[in-house]
Amino acid sequence: MNHQELSEQEIIRRESLKKLRELGIDPYPAAEYKINTTSREIKEKFNEEENNFQEVCLAGRIMNRRIMGKASFAEIQDHEGRIQIYVNRDEICPGEDKTLYNEVFKKLLDRGDIIGVEGFVFKTQMGEITVHVKNFTVLNKSLRPLPAVKEKDGKTYDAFTDPEQRYRQRYVDLIVNPQVKDVFIKRTKIVDTIRQMFNEYGYLEVETPILQPIPGGAAARPFVTHHNSLNIPLYLRIANELYLKRLIVGGFEGVYEFAKDFRNEGMDRTHNPEFTAMEIYVAYKDYKWMMNFTEQIVERVALALHETTKVQVGENLIDFKTPYPRVTMADAIKEHTGYDILGKNEEQLRDICDKLGIQTETSMGKGKLIDEIFGEKCEHHYIQPTFITDYPVEMSPLTKRHRENPELTERFELMVNGKEIANAYSELNDPIDQRERFEDQVKLLEKGDDEAMFIDQDFLRALEYGMPPTSGMGMGIDRLTMFMTNSPSIQDVLFFPQMKPEKKKVELTEDEKAVMELLKTASPIDLNQLKDQSGLSNKKWDKAIKGLTKNNLAKVEKTEEGLVVELVS
């Protein structure tokens with residue numbers, strides 16, 4: 001990167017870096033810097049009468065400075081918060097050489113630089129707990145300026161709020177928006193709470209393969225890659241279900257995993273192609289037991305995070321207090337559409353979809369059609385935690401048939417705020433029935449359903465050795481975190497969500513800018529009309545339109561009416 005590509009501030013910071021080195025100061029020292037306290041500990045435990053914290057050493061990032069001649073105040077931010085520091089020229093420079101203060105602290109340090117400070121704690125006349133600095137050490141010279149977020153009278157100005165910038169530059173987001181860190185601390189607490197509960201029951205945390213020869217355990221489109229040495233295709237797992245069930249076959253009573261799963265599907269406010277799922281399988285249990293177990297998990301998480309079961313989620317106050325209502329899928333659809341789906345064939349279900357105005361595709365079987373009806377017409381009604389139970393067999397190829405109605409399966413989903421956060425079954429352990437269900441899925445694949453399941457012959461072989469009656473449950477950790485932290489988007493609870501490739505900033509000429517402004521008000525537009533409106537000469541027009549199309553900011557297409565120019569979104 002040359003100086004022509006740098007901003008004025010970036011150039012100044014590089015000059016300061018050079019001057020620090022010329023003064024013999026290493027701006028990136030290798031040695032350990034031993035801290036003995038944090039900003040939070042000082043603020044919570046400092047007592048003027050006890051005169052404690054008289055020899056403190058802490059480190060943090062400079063967030064603001066107030067230079068006042070021979071003495072200055074600054075605020076540094078460590079991993080637990082911010083604290084004010086006081087720097088006096090004659091105390092940190094007791095001799096005649098005042099370079100450390102006059103040059104280094106006042107001129108060569110900037111907002112965003114990381115320093116270590118040694119000194120003692122006192123309270124200012126304004127009552128603010130402050131570290132009186134006796135010595136400081138440069139630990140990192142930052143070369144890019146932080147966004148200038150300002151606070152006054154409890155209000156924030158110029159905040160770093162653009163979602164795309166925040167998600168792309170999460171490191172900056174965490175620095176200047178302290179509340180963001182709290183979301184991720186709570187996310188870790190959610191996982192720890194669930195893990196602690198499972199461990200109390202004596203269940204074993206395990207790991208299963210991410211690269212799998214067959215993508216199984218869910219109806220989803222997988223990512224595919226190639227293993228060079230084995231010369232075979234491999235898939236990033238869409239679920240870990242079939243491997244965890246193999247461990248139940250092998251004799252474990254209960255196993256669970258917090259797994260990274262991958263689905264090559266759409267992205268929106270509640271879906272990311274890479275996500276975290278928790279799955280647990282317990283032998284000799286059924287879906288009724290798992291319903292009770294699941295609601296205990298969710299209630300326990302709410303209490304651990306909020307000390308209450310009532311949690312604000314958007315405009316809704318959700319109460320996670322157990323027990324939760326149980327509603328069959330057929331009853332839910334009948335209540336919200338007036339149609340009874342039980343006993344209906346594919347043609348009849350497609351006719352119901354048409355009457356309800358639900359779009360369908362020829363590749364959809366009975367299961368997908370029912371799923372569309374429930375998703376379009378019912379799902380959003382379930383705001384408070386509700387178990388939707390007893391799904392049609394076509395929707396649940398890995399689930400045991402219902403003990404009272406073979407058209408249905410022993411399955412439930414936990415709905416919260418109109419979204420599913422957990423999915424569970426009485427697991428299908430009949431190997432013959434399972435093979436037939438897999439074969440039905442293959443027929444859907446042949447019909448064009450790219451989310452239908454593959455046949456996993458090794459899993460069928462495992463079932464033939466015998467799997468005890470088992471119940472399993474999967475829970476979306478990302479979505480649960482969204483609800484428990486009142487976060488509107490899944491990107492807010494992922495440190496590094498998947499993003500479109502970052503567009504390189506394009507410097508436009510004045511002529512190109514003029515044409516772009518015209519396009520913003522009228523696009524698409526006839527090319528000759530746009531040229532006339534621009535008022536550019538033929539030479540300048542050709543150069544401007546070629547520049548915009550070359551940088552993929554505009555495109556020219558031939559239509560029956562002639563050439564048309566359109567903005568590229």
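Mentor: Contact means that heavy atoms lie within 4.5 Å. Please keep in mind that the model before us is predicted.

Trainee: Which residues is asparagine 88 in contact with, leaving aside its neighbours within four places in sequence?

Mentor: Asparagine 88 is in contact with Lys70 and Ala71, once those neighbours are left aside.

Trainee: Why is asparagine 88 called buried?

Mentor: The relative accessible area of asparagine 88 is 16%. Buried means under 20%, so asparagine 88 is called buried.

Trainee: What makes the approach of asparagine 88 to the backbone nitrogen of aspartate 90 a polar contact?

Mentor: A polar atom of the asparagine 88 side chain lies 3.0 Å from the backbone nitrogen of aspartate 90. The cut-off for such a pair is within 3.5 Å, and the distance of 3.0 Å therefore satisfies it.

Trainee: Where does asparagine 88 stand, and how do you know that its strand pairs with β5?

Mentor: Asparagine 88 is in strand β3, residues 81–88. Pairing requires at least two bridges, and four bridges join β3 to strand β5, residues 129–140. The two strands therefore pair, and they run parallel. In this pairing, tyrosine 86 has histidine 132 of β5 as its bridge partner.

Trainee: What makes β4 and β5 a pair?

Mentor: The same cut-off of at least two bridges applies. Strand β4, residues 114–123, is joined to β5 by 10 bridges, so they pair, running antiparallel. Here phenylalanine 120 has histidine 132 as its bridge partner in β5. β4 and β5 form a hairpin with five residues between them, and glycine 127 in the turn has a positive phi of about 85 degrees.

Trainee: Why is helix α15 called largely enclosed by the rest of the structure?

Mentor: Helix α15 spans residues 477–485, and nine of its nine residues are buried, so it is described as largely enclosed. Among them are Ile477, Arg479, Phe483 and Met484. Just after α15, asparagine 486 takes a positive phi of about 55 degrees.

Trainee: Which residues touch the most other members of the largest nonpolar core?

Mentor: Of its 38 residues, Ile194, Ile280, Phe320, Met473, Met475 and Met484 do so. Helix α9, residues 287–306, supplies the largest share of this core, nine residues. Apart from it lies another core, of 27 residues, including Ile92 and Tyr101.

Trainee: What does methionine 473 touch, not counting residues up to four places away in sequence?

Mentor: Methionine 473 touches several residues, among them Met278, Ile280, Met290, Ile297 and Ala422.

Definitions and conventions: Residues numbered from 1 in each chain as written. Predicted model: local features only at pLDDT ≥ 70, side-chain atom pairs only at ≥ 80, totals over all residues. Heavy atoms only, no water. Buried < 20%, exposed > 50% of the residue type's maximum accessible area, 1.4 Å probe, protein only. Polar contact = N/O pair within 3.5 Å; in protein donor to acceptor, adjacent residues only side chain to side chain. Core = buried A, V, L, I, M, F, W, Y, C linked by side-chain atoms within 4.5 Å.
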